[in-house]
Amino acid sequence: MSGPLLKPPSKIGCAFARYGRKTLRAIGLGMALTGVFLVQPPFAGSKQSLPCLANITATDAFLIADPRGRILHRKNEKKKFIPASTLKVLTALAALEQLGPSYRFRTEFYTDVFHNLKVKGYGDPLLVSEVLEELAHVLSSKIHRCRSVILDGSYFSTEIAIPGCNGTTNPYDAPVGAICANFNTVGFQRDRNGKIVSSEKQTPLIPFARDRIRSLGLKPGRHTFLYDSQSAACYAGELLLHFLREKGVACDGSVRSGRVGPDDLLVYTYESVFPLETVVQKMLKSSSNFMANELFLVLGAATYGPPASLTKGIEAVTDFAGTKIGLQNMKIVEGSGISRQNRLSALDMLAVLKRFKPYRRLLTEKDQVYYKTGSLRGIRTRVGYVDDGLGEYYYFVIFFNRPHDKMNAMLDCVKKTVARQR
């Protein structure tokens, strides 16, 4: 269901307002194996040996593989299809292996001779309100006044447009950026008097957000209320400014964009409390497009140098998939799966799942199945692992690239097939 289209305000910039009491709560929120994957895995089964394969049409793909990766059953396994959000498994794998599971995002804080506080962001997707409040507490012991909060988002290229994002106010269309807060979304409701209030009890709604909500005519719920990285950084800066004032730091200026200079003094470097493995788990379980593309872009910058860009992210993940997994001729245009231009085959996804196996517990788990789903209009996908109850894991890939799919029937078929292998 689409939300209202975001429209730019008449005036862009972070001096949008000077606010006092404001806060927002955190919201819920691949040893190269080329020798294995460049050669098609042996087929241990026949296309015709599984009755449920009748549910797989020319627009769909299906496979089941045993714990050694030998395919038991398959259909259309070589054809390329839209993976939807199952693409996030590849993005997660590339980030975990290239950056490392213990990698931590950082954010730097500087002061200049004019007593401005400068914030340089590096794409941390979990700068949530609790973190910003704690940062304000730490900064209050290092500075006692600040003239303005200046935001340096230069680690990312200016205004990165993610293919597949349509500019709605749905959270899955939230913009990316080097400095962001609360996934660039806001949750609100109306009290009995009709007043707009935060939907989280410990999160007063800041005027910056309230004004945006009113200008967009949003209905109660959770929305992205931002349309670009500059607005996103401004929102994060306004939240930080509020918390600084709450902690007793005298800040009488505004929030605006700028750059850290060579003469500025580094006063604090924040390393995220969340290691990358935790970030990936949160991203996969919430299927956050915002988080996936932040990882995608940061990986590109880490591989090829800043600023982060869509092109660098694509090259980093494509190169990883080719050199480490042996994937060829796939098409990736962003990291979340929101774009219908992305293309992977079931065999491609099997290769990803094999490499991702040590991290399977980062996926959603239900009834001994670790899985990732994907959904776009007319598209449903699911990939993952089935525990056979004996400590072995079977792989499955189901791609439906049409409406009126038979996903539940195929999932039951996967489970029954695994049960028969015991």
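A polar contact is a pair of N or O atoms within 3.5 Å; within protein, one must be able to donate a hydrogen and the other to accept it, and residues adjacent in sequence count only if both atoms are side-chain atoms. The model on screen is predicted, so local features need pLDDT of at least 70 and side-chain atom pairs count only at pLDDT 80 or more, while totals for chains, interfaces and linings use all residues. Residues are numbered from 1 along each chain as its sequence is written, and side-chain values use heavy atoms, with hydrogens and water left out.

**Stop 1: S309 and helix 7**

Select S309, whose side chain reaches the backbone nitrogen of K312 at 3.2 Å. S309 lies in the loop between helix 7 and helix 8 (310–325); helices (H or I, at least four residues) and strands (E, at least two) are DSSP runs, numbered from the N terminus. S309 counts as buried because its relative accessibility is 15%, where buried means under 20% relative accessible area, exposed over 50%, and partly exposed in between, with a 1.4 Å probe and protein chains only. Show S157, I160 and L297 as well, since S309 touches them when residues up to four places away in sequence are not counted; contact here means heavy atoms within 4.5 Å.

Step back next to helix 7, residues 289–304, whose end C-alpha atoms are 22 Å apart, in agreement with the 22 Å that its 16 residues should span at 1.5 Å a residue (the expected span is 1.5 Å times one less than the number of residues). Helix 7 is mostly covered, with 13 of its 16 residues buried, and the residue that follows the helix, G305, has a positive phi near 95°.

**Stop 2: the six-stranded sheet**

Now display the open sheet of six strands, which has the order 2-1-18-17-16-15 and antiparallel pairing; two strands pair if DSSP finds at least two bridges between them. Strand 2 and strand 15 (364–366) stand at the edges, each with a single partner strand, so one side of each is left without a neighbour in the sheet. Neighbouring strands of this sheet are turned by 15° against each other on average, direction ignored; the axes behind such angles are lines fitted to C-alpha atoms, for helices over the stretch in contact, and angles run from 0 to 180 degrees between N-to-C directions.

Begin at the strand 2 edge (residues 71–75), where four of the five residues are buried, so that the strand is largely enclosed by the rest of the structure. Strand 2 pairs with strand 1 (residues 60–65) in the antiparallel sense over four bridges, and I64 can be found opposite H73. Five residues separate the two strands in their hairpin, and G69 in the turn has a positive phi of about 90°. Strand 1 also pairs with strand 18 (residues 393–400), antiparallel and over six bridges, with I398 as the bridge partner of F62.

Add helix 9 (residues 346–356), which packs on the sheet by touching strand 1, strand 2, strand 17 (379–387) and strand 18, its direction making about 145° with that of strand 18. Helix 10 (residues 407–420) lies across strand 1, strand 2, strand 16 (369–376), strand 17 and strand 18, and runs at about 160° to strand 18.

Moving on to strand 16, six of its eight residues are buried. Eight bridges join strand 16 to strand 17 in antiparallel fashion, with K372 opposite V383, and the hairpin of these strands has two residues between them, with a positive phi of about 80° at G378 in the turn. Strand 15 and strand 16 pair over three bridges, also in the antiparallel sense; K366 stands opposite V369, and in the two-residue turn of this hairpin D367 has a positive phi of about 50°.

**Stop 3: the nonpolar cores**

Select L90, F109, F225, L244, L276 and F356, the residues with the most contacts inside the largest nonpolar core, which has 113 residues; such a core is a set of buried Ala, Val, Leu, Ile, Met, Phe, Trp, Tyr and Cys residues joined through side-chain atoms within 4.5 Å. Its largest share, ten residues, comes from helix 5 (residues 229–246). A second, separate core of 20 residues includes L50, I56, I398 and C413.
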